[in-house]
Amino acid sequence: MAISFNNCSTFMICIILLLPAFSFGTENYYSKATFYKTSDGKGTPTGACGYGEHGRYVNDGLVTAASWKLYKNGVGCGACYQVRCKDEALCSNEGVKVVVTDSGEGPGTDFILSSDAFAKMAKHPKLAHMLFPKGVVDVDYKRVSCKYGNLKIKINEHSNYHGYLAIFLFNNGGYADIIAIEIYDVNSYKWIPMRRSYGAVFDLANPPKGDLKLKIQIKEGEKTKWIHSDKTVIPDYWKPGSIYETDIQIP
């Protein structure tokens, strides 16, 4: 039913009713989902989050492109959602947990799932083939944790030790957003902010030499806080393509 300002007792109530739903916490939200195809049913290496080849296998390929509302100009990269289709004859109660690795939307959709993820919503693997002909399905969804373990950092392939450092973080649990990253310069004793280049990729021109520590700002709901590693995260003489495990777990 359309909302009319004439039916609202106060202007503020109207404002609240008209605000779009945010997908954080335990409440379910309603939308639509569709799927995209790859040769193996998993993710794509060209996703807007910048994960590259790693994006094919995040969360065992159970990944999604998210609408601009959920992608949030890259802040939504790595977010984990439980998505459930609503056809009681075909769909399970558990649905599927997917990780955002790309940006994209269709008419009314918030999720474009990998084929494997789309099939995972079915009650039984043998029923998955009945979901695909529908193309677009009604779903509910909520933000959840994917519970990975220690946060990991990958050095982007375009990095150059002598003048440019680009990284992305993964295994971040999926429930909190990564807002900012800073690197500690042991020579100046200062924290240096990195720039969000695109998606989940942060970069810094002329990075300091030596072992590097990181400080990460995360946001859960309306709360933000900084967390940092107690040890070196990126060793001196790092190389593009290298992956380093931190001692950080994002709750």
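**Entry 1: terms and model.** Two strands pair if DSSP finds at least two bridges between them. Strands (E, at least two residues) and helices (H or I, at least four) are DSSP runs, numbered from the N terminus. The model is predicted, so I take local features at pLDDT of at least 70 and side-chain atom pairs at pLDDT 80 or more, while totals for chains, interfaces and linings use all residues. Numbering runs from 1 along each chain as its sequence is written, and side-chain values use heavy atoms, with hydrogens and water left out.

**Entry 2: the five-stranded sheet.** I traced an open sheet with the strand order β11-β12-β8-β7-β15 and antiparallel pairing. The edges are β11 (195-198) and β15 (243-245); each has a single partner strand, so one side of each has no neighbour in the sheet.

I then followed β11 inward. Its pairing with β12 (residues 201-205) is antiparallel and rests on three bridges. Arg 195 faces Asp 203 of β12, and Arg 196 faces Phe 202 of β12. Two residues lie between the strands of this hairpin, and Gly 199 there has a positive phi near 50°.

On to β12 itself: is this strand mostly covered or mostly exposed? I find it mostly covered, with four of its five residues buried (under 20% relative accessible area with a 1.4 Å probe, protein chains only; over 50% is exposed and anything in between partly exposed). β12 also pairs with β8 (residues 164-170), in the antiparallel sense and over five bridges. Leu 165 has Leu 204 of β12 as its bridge partner.

**Entry 3: the barrel.** I went round a second set of strands and found that six of them close into a barrel, in the order β1-β5-β2-β4-β3-β6. The pairing in the barrel is mixed. I looked up one of the pairs: β3 and β4 (residues 96-103) run antiparallel and share four bridges. Val 83 has Val 96 of β4 as its bridge partner.

**Entry 4: disulfides.** How many disulfides does the rule give? I count three, taking a pair of cysteine sulfur atoms within 2.5 Å as a disulfide.

I began with Cys 49 and Cys 77, whose sulfur atoms are 2.1 Å apart. The link of Cys 49 and Cys 77 is left-handed, with -95° about the S-S bond. Cys 49 sits in the loop between β1 (29-36) and β2 (63-66), and Cys 77 in the loop between α2 (68-71) and β3 (80-85), so this pair ties together parts 28 residues apart in sequence. Cys 49 is buried at 0% relative accessibility, and Cys 77 is buried at 8%.

I turned next to Cys 80 and Cys 146, a disulfide with an S to S distance of 2.0 Å. The pair connects distant parts of the chain, 66 residues apart: Cys 80 is in strand β3, and Cys 146 is in the loop between β6 (137-143) and β7 (152-155). I read 60° about the S-S bond of Cys 80 and Cys 146, a right-handed link. Both Cys 80 and Cys 146 are buried.

That left Cys 85 and Cys 91, with sulfur atoms 2.0 Å apart. The torsion about their S-S bond is about -115°, so this disulfide is left-handed. Cys 85 is buried, with a relative accessible area of 6%, and Cys 91 is buried with a relative accessible area of 6% as well.

**Entry 5: the cavity.** I searched the whole structure for enclosed space and found one cavity of 30 Å³ or more (a cavity being a set of points, on a 1 Å grid over the protein atoms alone, where a 1.4 Å probe fits but cannot get out). The largest cavity holds about 80 Å³ (the space filled by probe spheres set on the points, which are joined across faces, edges and corners).

Which residues line the largest cavity? With an atom within 4 Å of a point as the test, I list Tyr 51, Gly 74, Val 75, Cys 77, Leu 169, Asn 172, Ile 178, Ile 181, Arg 196, Ala 200 and Phe 202. Among them is Cys 77, the disulfide partner of Cys 49. Arg 196 and Phe 202 are also in the lining, and these two stand opposite each other in the pairing noted above.

By class I get eight nonpolar, two polar and one charged residues in this lining (Ala, Val, Leu, Ile, Met, Phe, Trp, Tyr, Cys and Pro count as nonpolar, Asp, Glu, Lys and Arg as charged, and the others, Gly among them, as polar).

Key
On a 1 Å grid over the protein atoms alone, a cavity is a set of points where a 1.4 Å probe fits but cannot get out, and a pocket is an open set with protein on both sides within 12 Å along at least five of seven lines; lining residues have an atom within 4 Å of a point.
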